[in-house]
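The following exercises are to be worked with the sequence and the coordinates at hand. Each task is followed by a solution in steps.

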Amino acid sequence: MKKFVLAAAIASTLFLAGCSDKVDESTITNVVQTSQYEQPNLGITAKTTPFEVKNLKITKVLLDTKTDYKAEVSYDLVANKSLDEFKTSMKALAAKPKAPATDTAADTTTDDMSSALHTLKNNLAAEVMVVAFSAKYGDFKAGQTVDTVNETVSMQKVNDQWVKD
């Protein structure tokens, strides 16, 4: 029960941070993390991403309205797993077969071809992400600050949530 209450409290805090009218460092951190270091279509989610945005600081606010926000920020990009751990998790993700069609009358040849293409796409995406991160950050280790980023972040409020512009 305590785990459920804690999970609910964390979820509501994150939800409220994304829905707040006031943009702060926590809101920008969440937006930057999800928009730049998570790629759900490639299988890189909050659970599998090798990086975490930490120590974000707003250095200069350039625009602040009810629906638009732009600021110069700096933050540390910290590896939360090593390159080897990321590579292993991406290979495991790529190895997961596509769920079969729910239509029992579906042609099994089509299902086999679709599954093979799905596996090929996942394997290629996994290898590309591993090579890209390796080329950019080297053989990073868990806990290592791989970069200090200075950038301008532009956001818009869409459906009561701040999203990267």
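## Exercise 1. Two aromatic residues and their partners

F51 and F140 are both buried. The model is a predicted one.

Task: Determine how the rings of F51 and F140 are arranged, and where in the chain the two residues lie.

Solution.

Step 1. Begin with burial: the relative accessibility of F51 is 0%, which is under the 20% limit, so F51 counts as buried.

Step 2. A pair of aromatic rings is described by the distance of the centres and the angle of the planes. For F51 and F140 the centres are 5.0 Å apart and the planes stand at 50°, so the pair is tilted.

Step 3. Locate the residues: F51 belongs to strand β1, while F140 lies in the loop between α4 and β3. The pair links distant parts of the chain, the two residues being 89 residues apart.

Task: Classify the aromatic pair of Y37 and F51, and state whether Y37 is buried or exposed.

Solution.

Step 1. The structure contains five aromatic pairs. One of them joins Y37 and F51, with 6.4 Å from centre to centre and 70° between the planes. An angle over 60 degrees counts as edge-to-face, and this pair is edge-to-face.

Step 2. Y37 sits in the loop between α2 and β1 and F51 in strand β1, 14 residues apart, and this pair also links distant parts of the chain.

Step 3. Y37 has a relative accessible area of 10%, so this residue is buried.

Step 4. Apart from neighbours within four places in sequence, Y37 is in contact with V32, I44, T49, F51, V53, Y75, L77 and V149.

Step 5. Y37, F51 and F140 belong to one aromatic cluster, whose other members are F86, F133 and Y137.

## Exercise 2. The nonpolar core

Task: Which residues of the largest nonpolar core touch the most other members, and which elements give two or more residues to this core?

Solution.

Step 1. The largest nonpolar core has 30 residues; those that touch the most other members are I28, Y37, F51, Y75, F133, F140 and M155.

Step 2. Two or more residues come from each of α2 (25-36), β1 (51-64), β2 (68-79), α3 (83-95), α4 (108-137) and β3 (145-158). The element that gives the most is β2, with six residues.

Step 3. For the background, in soluble globular proteins, nonpolar side chains tend to be buried together. In the chain as a whole, buried residues make up 31% of the 165 residues.

Step 4. Among contacts in the chain with a separation of 6 or more, 69% are between residues 24 or more positions apart.

## Exercise 3. The sheet and its edges

Task: What is the order of the strands in the sheet, and which strands stand at the edges?

Solution.

Step 1. The chain has four helices and four strands, and along the sequence they follow the pattern α-α-β-β-α-α-β-β.

Step 2. The four strands form an open sheet in the order β1-β2-β3-β4, with antiparallel pairing. Since β1 and β4 each have a single partner strand, they stand at the edges, so one side of each is left without a neighbour in the sheet. From one strand to the next the twist averages 35°.

Step 3. Helix α2 packs on the sheet, touching β1, β2, β3 and β4, and its direction makes about 120° with that of β1.

Step 4. Count the bridges: β2 and β3 pair over eleven bridges, and four bridges join β3 to β4. M155 is the bridge partner of Y69 in β3, and M155 also stands opposite K164 in β4.

Task: Is S154 buried or exposed, and which residues does S154 touch?

Solution.

Step 1. S154 is found in strand β3. Its relative accessible area is 19%, so S154 is buried, the limit being under 20%.

Step 2. Not counting residues up to four places away in sequence, S154 touches Y69, K70, V163, K164 and D165.

## Exercise 4. Positive phi values

Task: Where do N55, N159 and D160 lie, and what is the phi of each?

Solution.

Step 1. Most residues other than glycine have a negative phi.

Step 2. N55, placed in strand β1, has a positive phi near 55°.

Step 3. The hairpin of β3 and β4 has two residues between the strands, and there N159 takes a positive phi near 50°. D160, in the loop between β3 and β4 (161-164), has a positive phi near 70°.

Notes. Residues are numbered from 1 along each chain as its sequence is written. This is a predicted model: local features need pLDDT of at least 70, side-chain atom pairs count only at pLDDT 80 or more; totals for chains, interfaces and linings use all residues. Side-chain values use heavy atoms; hydrogens and water are left out. A nonpolar core is a set of buried Ala, Val, Leu, Ile, Met, Phe, Trp, Tyr and Cys residues joined through side-chain atoms within 4.5 Å. Buried means under 20% relative accessible area, exposed over 50%, partly exposed in between (1.4 Å probe, protein chains only). Contact means heavy atoms within 4.5 Å. Rings of Phe, Tyr and Trp (its six-membered ring) pair if their centres lie within 6.5 Å; planes under 30 degrees apart count as stacked, over 60 as edge-to-face and the rest as tilted. Two strands pair if DSSP finds at least two bridges between them. Axes are lines fitted to C-alpha atoms, for helices over the stretch in contact, and angles run from 0 to 180 degrees between N-to-C directions.
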